[in-house]
Amino acid sequence: MRHFEKIGFGGGCHWCTEAVFQSLIGVEQVQQGWIASSGDNATLSEAVIVNYNAALISLEVLIEIHLYTHKSTSDHSMRQKYRSAIYVFDKIKENKVLNVLKTLQSKFNNKLVTQVLPFSEFKPSREAISNYYYKNPNKPFCETFINPKLKLLLERFGNYTDISKTVHLNIKVS
């Protein structure tokens with residue numbers, strides 16, 4: 001029996017975030033919707049919950065991919081709707097994520113604004129917009145905003161990318 005771990009990611013549009021994580025080897029399920037934490041972050045913000053097989057893809061790699069596929073160093077005016085966050089389900093994972101972020105900071109010129117927050121609530125997207133990219137890969141939104149993120153996956157994280165899901169982008173992975 002396989003054991004899957006769970007983590008939440010928020011940063012940009014949940015259609016983009018969903019497509020990125022759906023395209024990875026070792027990710028079993030991506031639930032698109034809105035996540036709330038507590039305190040100042042108790043409002044719902046666009047995000048996904050990722051269920052993954054840690055034997056195939058590590059938490060460290062998932063976090064690094066997340067940081068590179070949204071504006072993780074930009075504290076822009078839409079942060080309430082697009083909170084840059086990693087949502088954790090227990091204290092052990094919280095400590096691990098904090099350590100990973102501390103290590104990855106050296107790869108970025110600017111300070112990461114990504115917060116590590118306790119998970120509180122999840123509201124799933126309606127079915128009509130779930131799996132948005134893979135239902136609509138040729139829509140202008142997908143071509144403009146999601147395809148560049150998937151190209152980055154192929155170029156930078158090709159050994160973790162499910163090539164069968166990105167073949168339509170016509171990019172060879174070395």
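For this briefing, helices and strands are DSSP runs, numbered from the N terminus, with at least four residues in a helix and at least two in a strand. On that basis, helix α5 is the element that contributes most to the lining of the largest pocket, with five residues. The structure is a predicted model. Its strands include an open sheet of six with mixed pairing, and its largest nonpolar core has 42 residues.

**The sheet**

- The strand order of the open sheet is β5-β4-β1-β3-β2-β6.
- Strands β5 (115-118) and β6 (121-124) stand at the edges with a single partner strand each, so one side of each has no neighbour in the sheet.
- Neighbouring strands are turned against each other by 35° on average, direction ignored.
- Strand β4 (residues 85-88) and β5 run parallel and are joined by four bridges; in this pairing, Tyr87 stands opposite Leu117 of β5.
- Strands β1 and β4 run antiparallel and are joined by three bridges, and Gly10 stands opposite Ala85 of β4.
- In β4, Ala85 and Tyr87 point one way, whereas Ile86 and Val88 point the other way; all are buried.

**Helices packed on the sheet**

- Helix α2 packs on the sheet, where it touches β1 (5-10), β2 (27-36), β3 (45-52) and β4. The direction of α2 makes about 15° with that of β1.
- Helix α3 (residues 91-104) also packs on the sheet, with β1, β3, β4 and β5 as the strands touched. The direction of α3 makes about 155° with that of β4.

**Nonpolar cores**

- Within the largest nonpolar core, the members that touch the most other members are Ile7, Phe9, Phe21, Ile63 and Val97.
- Helix α2 (residues 59-68) gives the most to this core, with seven residues.
- Leaving aside neighbours within four places in sequence, Ile63 is in contact with Phe9, Ile86, Val97, Val100, Leu101 and Leu104.
- Apart from the largest core lies another core of six residues, including Ala47, Ile49, Tyr87 and Leu117.

**Burial of α1 and α2**

- Nine of the ten residues of α2 are buried, so this helix is largely enclosed by the rest of the structure.
- The buried residues of α2 are Leu59, Val61, Leu62, Ile63, Glu64, Ile65, His66, Leu67 and Tyr68.
- Nine of the nine residues of α1 are buried, so α1 too is largely enclosed by the rest of the structure.
- Among the buried residues of α1 are His14, Trp15, Thr17, Glu18 and Gln22.

**The largest pocket**

- The space in the largest pocket is about 400 Å³.
- The lining comprises 20 residues, of which Gly12, Cys13, His70, Lys71 and Lys149 are the closest to the centre of the pocket.
- Helices α1 (14-22), α2 and α5 (140-156) are the elements that give two or more residues to the lining.

**The loop between α2 and β4: Thr73**

- Thr73 is found in the loop between α2 and β4.
- With a relative accessible area of 29%, Thr73 is partly exposed, because this value lies between the 20% limit for buried and the 50% limit for exposed residues.
- Not counting residues up to four places away in sequence, Thr73 touches Phe108, Asn110, Lys111, Leu112 and Val113.
- Thr73 and Ser45 are 28 residues apart in sequence, and their C-alpha atoms are 18 Å apart in space.

**The loop between β6 and α4: Ser130 and Asn131**

- Ser130 has its place in the loop between β6 and α4 (132-135), and Asn131 is found in this loop as well.
- Ser130 is buried, because its relative accessible area of 15% is under 20%.
- Not counting residues up to four places away in sequence, Ser130 touches Glu18, Gln32, Ser125 and Lys135. Of these contacts, Glu18 is one of the buried residues of α1.
- Asn131 is partly exposed, with a relative accessible area of 28%.
- Asn131 has a positive phi of about 60°, although it is not a glycine.

Note on methods
Residues numbered from 1 in each chain as written. Predicted model: local features only at pLDDT ≥ 70, side-chain atom pairs only at ≥ 80, totals over all residues. Heavy atoms only, no water. Core = buried A, V, L, I, M, F, W, Y, C linked by side-chain atoms within 4.5 Å. Buried < 20%, exposed > 50% of the residue type's maximum accessible area, 1.4 Å probe, protein only. Contact = heavy atoms within 4.5 Å. Pairing = 2+ DSSP bridges. Axes fitted to C-alpha atoms, helices over the stretch in contact; angles between N-to-C directions. 1 Å grid on protein atoms, 1.4 Å probe; cavity = no way out; pocket = protein on both sides within 12 Å on 5 of 7 lines; lining within 4 Å. Points joined across faces, edges and corners; volume = space filled by probe spheres on them.
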